[in-house]
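Hi,

Here is the structure you asked for. Please look it over, then read my notes on the ligand site and a pocket.

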Amino acid sequence: MSANLNNSKILNKLDNILIIGSGGRENSLAWIIEKNELVKKIYIIPGNAGSEKIKKCKRINLDIYDKKELINKLQFLDINLIVIGPEDPLSKGLGDYLRDNGFNVFGPGADGAKLESSKSWAKEFMNEGNIPTAKFWKVNSIDKAKEIIFSSPDPLVVKADGLASGKGVFIPNSKDECLEATKSILNGKFGDAGQIVVLEEKIQGPEVSVFAICDGKRYLLLPTAQDHKRLNENDEGPNTGGMGAYSPTPLITKSYLERIKKEIIQPTIDRLINKNIEYRGVLYFGLMITQSGPKVIEYNCRFGDPECQTIMPLMDKDFVTFLQKCAMGKLIGNEEIKISNKVSGCVIATSRGYPNDYKTGFKIKFGETDNEDLQIFDSGTSLNKNNETVTSGGRVLSIVCQDSDFDKVFEKAYQKLSKIDFEGIFYRKDIGHQVRTKYKKER
Ligand code: AMP
């Protein structure tokens, strides 16, 4: 069947949705998607124990890289929209493959995903499009790196070019440390992802995340967010996948957002179009607000985790229709996504030892049931043979609350967390400290 025929057949149908991924991000997407009454069934490959608590959701155990079996299954299930959560399948071209087989996919092809899967490619892209970012040098030999590191006035930031699960960035304090980090990457610490190293000028300022959902030509913005990457309180300790987040960030005023649109978002969309990249999915801008204005630290080609869990409860039941419009290249561009005027915060409960070694298989006690403005999205959980939810990952649960202000949000989140228990539970108590007036007063 040709792609066009198939597209016209399923235009506006939203009966059967497929989500690919296994974390809190994917559960929060399933949770918001099921609110739309048009949606009858949400399949999730592979999902986790939490997916089973979402009424319309059914987990499928299938290897997404067994392409023939995947297509057979999706045709059998009559899937109307596919949402790909993680960067790995996107960068491997799963979006292209599914689109070529006639499916509507929310998620860019391998070409667009390169914004995340190759930092040097993304930096060159930004230079070509005049998009503000830190100065950079691309190197593939230790001699060349040495020359650049020791001729620059300050220690440079060192990054592995490819996907390294968020572990490929080093912020050294000295030039010797810079060189050591570069050597370890070029010598294979991250395998193929480290064949090229990007050296970057170190820039300063608060970091914010901005999300645009795109249909290849146009885009719509979701609420801004700030996340906490470091393991420990006061934003100290090793980098993690994310220990919590809040949305929106008061740092980005309406007029500053206009500046970001003009200087960063629109030029990015224009450059993608110019390069013949039809980007249908979410474009995540990791920005640093420097004294000379906003600069791009990184692009991601998917929703952030835990930003996604934080933002989804601010969306309404029509959110899925926007994902579908993006997947079909049918945004008008002036639609308004309905967004709650509440604020939202998320705290991640992890297994002790994360982001290094940790034990799994511990039974989770969830405490009493949720209310409307409180969600628990499972991140790393599975079911044991007695059908009980147990820990199975480093980041285990995302506890998310909404209210009229951040003090109330985090009070509720931490109250709930005090009732949740599993062996080795660990979480930061200061998530959102920048926006919690009570937290500041207590300190
Ligand atoms: P990335 O994976 O590129 O987002 O980098 C991870 C973290 O490293 C960012 O969230 C920043 O805190 C920090 N970082 C990355 N690049 C720079 C830079 N050029 N200057 C200062 N900090 C940076």
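Helices (H or I, at least four residues) and strands (E, at least two) are DSSP runs, numbered from the N terminus. The model is predicted: local features need pLDDT of at least 70, side-chain atom pairs count only at pLDDT 80 or more, and totals for chains, interfaces and linings use all residues. Residues are numbered from 1 along each chain as its sequence is written, and side-chain values use heavy atoms, without hydrogens and water.

Pocket first. Helix 10 gives the most to the lining of the second largest pocket: four residues. A pocket is an open set of points on a 1 Å grid over the protein atoms alone, where a 1.4 Å probe fits, with protein on both sides within 12 Å along at least five of seven lines; lining residues have an atom within 4 Å of a point. The lining numbers 23 residues, with Leu221, Leu222, Pro223, Leu257 and Ile339 nearest the centre. Strand 11 (219–221) and helix 10 (254–274) are the elements giving two or more residues to it.

Now the ligand. Around it are 14 residues (a heavy atom within 4 Å). The closest are Glu200, Glu201, Ile203, Glu207 and Glu298. Strand 7 (157–160) and strand 15 (293–300) each supply at least two residues of this shell.

Three polar contacts (N or O pairs within 3.5 Å):
- Lys159: a polar side-chain atom, 3.0 Å from a ligand nitrogen.
- Ile203: a backbone N or O atom, 2.9 Å from a ligand nitrogen.
- Glu298: a side-chain N or O atom, 3.1 Å from a ligand oxygen.

Best wishes

Definitions and conventions: Polar contact = N/O pair within 3.5 Å; in protein donor to acceptor, adjacent residues only side chain to side chain.
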